[in-house]
Each structure stands twice: as structure tokens, then as C-alpha cells.
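Good morning, and thank you for making time for this. I would like to walk you through one structure, slowly, for anyone who has not met it before.

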Amino acid sequence: TTASLIETDYAKIDAAQLNLLHAGIEDDFVKKLRKPIFCEPEQIDFHSFSVRFGGSLDEKRFRDWFTYFVSFYRKKIFRIKGLLIFENSPVYNVVQAVGGTFTIAEGAMINPFETPENVLVFIGK
């Protein structure tokens, strides 16, 4: 079956139409809006640190290790971002990880007049 189309005006949906789709959807949504979750600044227990190092990495060895690392620490490390230099690559590689998964994409060209540096930033608890 095909879902029915609900036309809206700037995301304003008539409550009657919502109740037709799911009897309690509006009530559930309203309850969540009434009880938002807030984190007080003194209760936040996030930490971050960065690792910087020179040289270049073997891409396959890094991917194998990083796959294990982000999976193993997925509940303690919320986010990892960085720029890495792989052997025989003229570009920085952009690393992003969250929730036990990661991506690596080609980034900017390495400037031959600067000393290239690998950087990884970790955010977690």
C-alpha cells in the first residue's frame, strides 16, 4: 500500500490528520516537548584531546586498526575527526568517526612548502 500524502504549509500539520495516522502520535510528541532533556554545564562530562605526529601511515594497516578501535571504544568516544597523510598520497585524508563507524575521504593537497602533520581529535567521556 502507498502512504497517504499530507500537504502542509511550512510544516504545520493539522492535529486531526496526525491522529488519523497514529492515534497517540500527537500526545507522545507533546509529552516530549513538555519534558525536554537538558544538560547542566556542571554535569557535562565530555573531554577532548588531540594527537599530532609527523610522517605518513600505511593506509591498509591504519584502516584495519581504526576499524577495531572505533568499534571497541564506540561507547566512550563520541566523535573522532582528523587529517591523515597516507604513504604515496599527495593529499590529506579526512577522517571522521562516530558511533563505531568511520569514513575516510580525500581532502586538500599537501602543501610542499609546509611540514605536513597528522592530526586526530577525540571527543568522549
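I will begin with the sheet, then turn to the helix and the core, and finish with the aromatic rings and one buried asparagine. Please keep in mind throughout that this is a predicted model.

Let us take the sheet, which is open and is formed by five strands in the order 1-5-2-3-4, with antiparallel pairing. At its edges are strand 1, residues 47-53, and strand 4, residues 101-109, each of which pairs on one side only. If you compare neighbouring strands of this sheet, ignoring direction, you find them turned by 10° against each other on average.

Looking at the two ends of that order in turn, strand 1 is joined by seven bridges to strand 5, residues 118-124, and these two run antiparallel. Within this pairing, F49 stands opposite F122 of strand 5, and I will come back to those two residues. Towards the other edge, strand 3 and strand 4 are likewise antiparallel and joined by seven bridges, with V94 having A105 in strand 4 as its bridge partner. These two strands make a hairpin with two residues between them, and in the turn G99 has a positive phi of about 60°.

Now for the helix. Helix 3, residues 59-72, lies across strand 2 (77-85), strand 3 (91-98), strand 4 and strand 5, and it runs at about 135° to strand 4.

That brings us to the nonpolar core. As a general point, nonpolar side chains in soluble globular proteins tend to be buried together. Here the largest nonpolar core has 14 residues, and the members that touch the most others are F62, F66, F69, I80 and L84. Helix 3, strand 2, strand 3 and strand 5 are the elements that give two or more residues to this core, and helix 3 gives the most, with four. To take one member, I80 is in contact, beyond its neighbours within four places in sequence, with residues including F66, F69, V95, L120 and F122.

What about the aromatic rings? The count comes to twelve aromatic pairs. In the pair of F49 and F122, the ring centres are 4.9 Å apart and the planes are at 15°, so the pair is stacked. This pair links distant parts of the chain, since F49 is in strand 1 and F122 is in strand 5, 73 residues apart. F122 itself is buried, with a relative accessible area of 7%. A second pair, W65 and F66, is tilted, with 5.9 Å from centre to centre and 40° between the planes. Its two partners can be told apart by exposure: W65 is partly exposed, at a relative accessible area of 42%, whereas F66 is buried, at 0%. One aromatic cluster takes in these residues and others, among them F62, Y68, F69 and F102.

Let me end with a polar residue, N118, which is found in strand 5. Is N118 buried or exposed? Its relative accessibility is 0%, so N118 counts as buried. Leaving out residues up to four places away in sequence, N118 touches nine that include V51, F53, G55, L57, L83 and I85. Of these, L83 is 35 residues away in sequence, yet the two C-alpha atoms are 5.7 Å apart in space. With G55 there is a polar approach, in which a polar atom of the N118 side chain lies 2.9 Å from the backbone oxygen of G55.

Methods:
Residues are numbered from 1 along each chain as its sequence is written. This is a predicted model: local features need pLDDT of at least 70, side-chain atom pairs count only at pLDDT 80 or more; totals for chains, interfaces and linings use all residues. Side-chain values use heavy atoms; hydrogens and water are left out. Two strands pair if DSSP finds at least two bridges between them. Axes are lines fitted to C-alpha atoms, for helices over the stretch in contact, and angles run from 0 to 180 degrees between N-to-C directions. Contact means heavy atoms within 4.5 Å. A nonpolar core is a set of buried Ala, Val, Leu, Ile, Met, Phe, Trp, Tyr and Cys residues joined through side-chain atoms within 4.5 Å. Buried means under 20% relative accessible area, exposed over 50%, partly exposed in between (1.4 Å probe, protein chains only). Rings of Phe, Tyr and Trp (its six-membered ring) pair if their centres lie within 6.5 Å; planes under 30 degrees apart count as stacked, over 60 as edge-to-face and the rest as tilted. A polar contact is a pair of N or O atoms within 3.5 Å; within protein, one must be able to donate a hydrogen and the other to accept it, and residues adjacent in sequence count only if both atoms are side-chain atoms.
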